[in-house]
Amino acid sequence: KVSLGELCERHDVLHIIAPASYRTDASLKSYVDTGRFYNAESMLNIDADGVLHGWATTAPTGPSSLEKTLLVMPKTFNYNVGNALNSPNHIFAGIAFENGGALTEFHRNLFRKNPSDKADLDLENVRFVVLSDTITKLKDQAFYGWNQLQEIVMPAVTTIGAKAFGRTCSLRHISISDKVTSIASDAFEDA
C-alpha cells in the first residue's frame, strides 16, 4: 500500500491542503514541519449538505500557487456547485478524498455544475488520485481525458464503468482492491 507521502514525493508535491486530521499522518510530517500543510476545513467553504461553494472568504493565506499541491477533499464533501474553486492557479498535482465520507461514486461531473460545463479545476492535469474507502463505483467516463493521470489508488471500488479510464494515456499504476466485481469491457479504451 502506497502512502500519501510517497505519492507526494513521486510527483514533486510542494504543498498539501487537507483536513486537520492528516497532520498526524507520519508520511506527511515533512509538510507539516516545514509549514507547507494547510487546513482544508478552514480554506474550503463546504455547507452542511456537503456542497462545496468555493474558497472560504475568511480563509488563512494558502500557497501562492497550487500547481504542485495535493488537495484532500474533506469527508463532508459530496459535490461541487460548479466553478467553486475557479482560478488560473488551480492546477493540482493530486486529489484525494478523506476516508469515511458519504461520497460513494466518482463521476465525470463531480467538479462541474452542469455536465456540459468545463470542470472548475484543471483535472486533466492531475497526476494522481486517491479515492476514499467509501467510493465503490467509478461511473462511465469517470477519468476520461485525464491525460496526465499516472497513478490511482482505489481501495474500495467494486464497479468500473465504460470508458472510466478512456484517453488516460499517462496511466502507469493502478492500486485496486480484490473487491472489484465488474469492469466494463471498454473501461481502458484509448488508454
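A residue counts as buried here when its relative accessible area is under 20%.

**View 1. The whole protein, as a predicted model.** By that cut-off, 46% of the 191 residues of the protein are buried. The fold is built from three helices and 14 strands. Its accessible surface adds up to about 9,000 Å², and carbon and sulfur atoms own 46% of that. Take the contacts between residues at least 6 apart in sequence: 50% of them join residues at least 24 apart.

**View 2. The seven-strand sheet.** Follow the strands across this open sheet and you get the order β2-β1-β5-β7-β9-β11-β13, with parallel pairing. Which strands stand at the edges? They are β2 (37-39) and β13, and each has a single partner strand, so one side of each goes without a neighbour in the sheet. On average, neighbouring strands here are turned by 10° against each other, direction ignored.

**View 3. Strand β5 and the strands beside it.** Strands of a sheet pair through backbone hydrogen bonds, and they can do so in a parallel or an antiparallel way. β1 (residues 15-18) pairs with β5 in the parallel sense over three bridges, and I16 sits opposite L70 in β5. Next door, β5 and β7 are also a parallel pair, held by four bridges. This time L70 stands opposite G94 in β7. Keep going and β7 meets β9 (residues 128-130), a parallel partner joined to β7 by three bridges. G94 stands opposite F128 in β9. Hop from residue to residue, then, and you go from I16 to L70, from L70 to G94 and from G94 to F128.

**View 4. The side chains of β5.** In a regular strand, side chains alternate between the two faces of the sheet. In β5, T69, L71 and M73 point one way, while L70 and V72 point the other way. Are these residues buried or exposed? All of them are buried. Since that makes five of five, β5 is largely enclosed by the rest of the structure.

**View 5. Two nonpolar cores.** The largest nonpolar core brings together 33 residues, and F97, F106, L131, L138, F143 and F165 are the ones with the most contacts inside it. The elements that give this core two or more residues are α3 (40-43), β3 (44-46), β5 (69-73), β7 (94-97) and β11 (151-154). There is also a second, separate core of 18 residues, with V13, A18, Y31 and V130 among them.

**View 6. Aromatic rings, starting with F77 and F97.** The protein has seven aromatic pairs. One of them is F77 with F97, a tilted pair at 6.4 Å centre to centre with 35° between the planes. F77 lies in the loop between β5 and β6 (79-80) and F97 in strand β7, so this pair ties together parts that are 20 residues apart in sequence. F77 is buried at a relative accessible area of 2%, and F97 is buried too, at 5%.

**View 7. The stacked rings of F106 and F143.** These two rings form a stacked pair, 4.5 Å centre to centre and with 15° between the planes. F106 belongs to strand β8 (residues 105-106), while F143 is found in the loop between β10 (137-138) and β11, so the pair ties together parts 37 residues apart in sequence. Both count as buried: F106 has a relative accessible area of 1%, and F143 comes in at 0%. Pull back a little and ring pairs link F77, F97, F106, F143, W146, F165 and F188 into a cluster.

**View 8. The four-strand sheet.** This open sheet runs in the order β8-β10-β12-β14, again with parallel pairing. β8 and β14 (182-183) stand at its edges with a single partner strand each, so one side of each has no neighbour in the sheet. Two bridges join β8 to β10, its parallel partner. F106, from the stacked pair with F143, stands opposite L138 in β10.

**View 9. S170 in its loop.** S170 lies in the loop between β12 (159-160) and β13 (173-176). Is S170 buried or exposed? Its relative accessible area is 17%; because buried means under 20%, S170 counts as buried. Which residues does S170 touch, leaving aside its neighbours within four places in sequence? S170 is in contact with N147, Q148, L149 and Q150.

Terms used: Residues are numbered from 1 along each chain as its sequence is written. This is a predicted model: local features need pLDDT of at least 70, side-chain atom pairs count only at pLDDT 80 or more; totals for chains, interfaces and linings use all residues. Side-chain values use heavy atoms; hydrogens and water are left out. Buried means under 20% relative accessible area, exposed over 50%, partly exposed in between (1.4 Å probe, protein chains only). Contact means heavy atoms within 4.5 Å. Accessible areas come from the Shrake-Rupley method with a 1.4 Å probe; for residues, only the protein chains shown count as cover. A nonpolar core is a set of buried Ala, Val, Leu, Ile, Met, Phe, Trp, Tyr and Cys residues joined through side-chain atoms within 4.5 Å. Two strands pair if DSSP finds at least two bridges between them. Axes are lines fitted to C-alpha atoms, for helices over the stretch in contact, and angles run from 0 to 180 degrees between N-to-C directions. Rings of Phe, Tyr and Trp (its six-membered ring) pair if their centres lie within 6.5 Å; planes under 30 degrees apart count as stacked, over 60 as edge-to-face and the rest as tilted.
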